[in-house]
Amino acid sequence: MGEHLQARDLEEMVSRSNGQDWSVSWHPGASAPAGRSHGTAGICVTADARLVLISHDGAHWGFPAGRPEGDETPLETLRREVLEEACAVVGDARQLGYSRSRCLRGHERGLVLVRSYWWAEVDLLAWRPRFEITHRRIIPVTEATDVVRDPDEAATRIALRALDEAGLG
């Protein structure tokens, strides 16, 4: 996969997902770029400086994330997804920035999706996977950049940037 470098502001990276080509970029700050809300992702840290990661396959590790249900606010979405996917309860949280994905080629061509990234202090509950996530891993925050990996290079670069924004890069 090559060397993993964190995404730079507004840098467009090509990604392939579900047979479609996307342009993915990082957008700093509290103002969302134009596009349809695609939910939230949370960098979940315990009070004793451990990072909570999840995985579908036990090989690629990332952050709890998901789309809003009904009229949920981004913070409400974050709280629900972290509880469902990581079996953790969000306390304090602050927004870090956004990823923006624009479909370049495929059946969703022209669609623009925006996901907010958050730092969240969490309390862990017993691990009882109930949804699509089958693995949870708790690591020291100092190991974050060595462990966080997505099957897609652009998504990994976005995740590394979010870690940096959270002070863990």
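Leu75 is found in helix 1, residues 74-86, where helices (H or I, at least four residues) and strands (E, at least two) are DSSP runs numbered from the N terminus. At 28% relative accessibility Leu75 counts as partly exposed, a class that lies between buried, under 20% relative accessible area, and exposed, over 50% (1.4 Å probe, protein chains only). Leaving aside residues up to four places away in sequence, Leu75 touches Ala93 and Trp118, contact meaning heavy atoms within 4.5 Å.

This is a predicted model, in which local features need pLDDT of at least 70 and side-chain atom pairs count only at pLDDT 80 or more, while totals for chains, interfaces and linings use all residues. Residues are numbered from 1 along each chain as its sequence is written, and side-chain values use heavy atoms, with hydrogens and water left out.

The largest nonpolar core, a set of buried Ala, Val, Leu, Ile, Met, Phe, Trp, Tyr and Cys residues joined through side-chain atoms within 4.5 Å, has 31 residues, and Ile43, Leu51, Leu53, Phe63, Tyr117 and Leu163 have the most contacts inside it. Among the elements that each supply at least two residues of this core are strand 3 (36-45), strand 7 (112-124) and helix 3 (153-165), and helix 3 gives the most, with six residues. Phe63, not counting residues up to four places away in sequence, touches residues including Ile43, Leu53, Tyr117 and Leu163. A second, separate core of twelve residues includes Cys44, Ile54, Leu78 and Val82.
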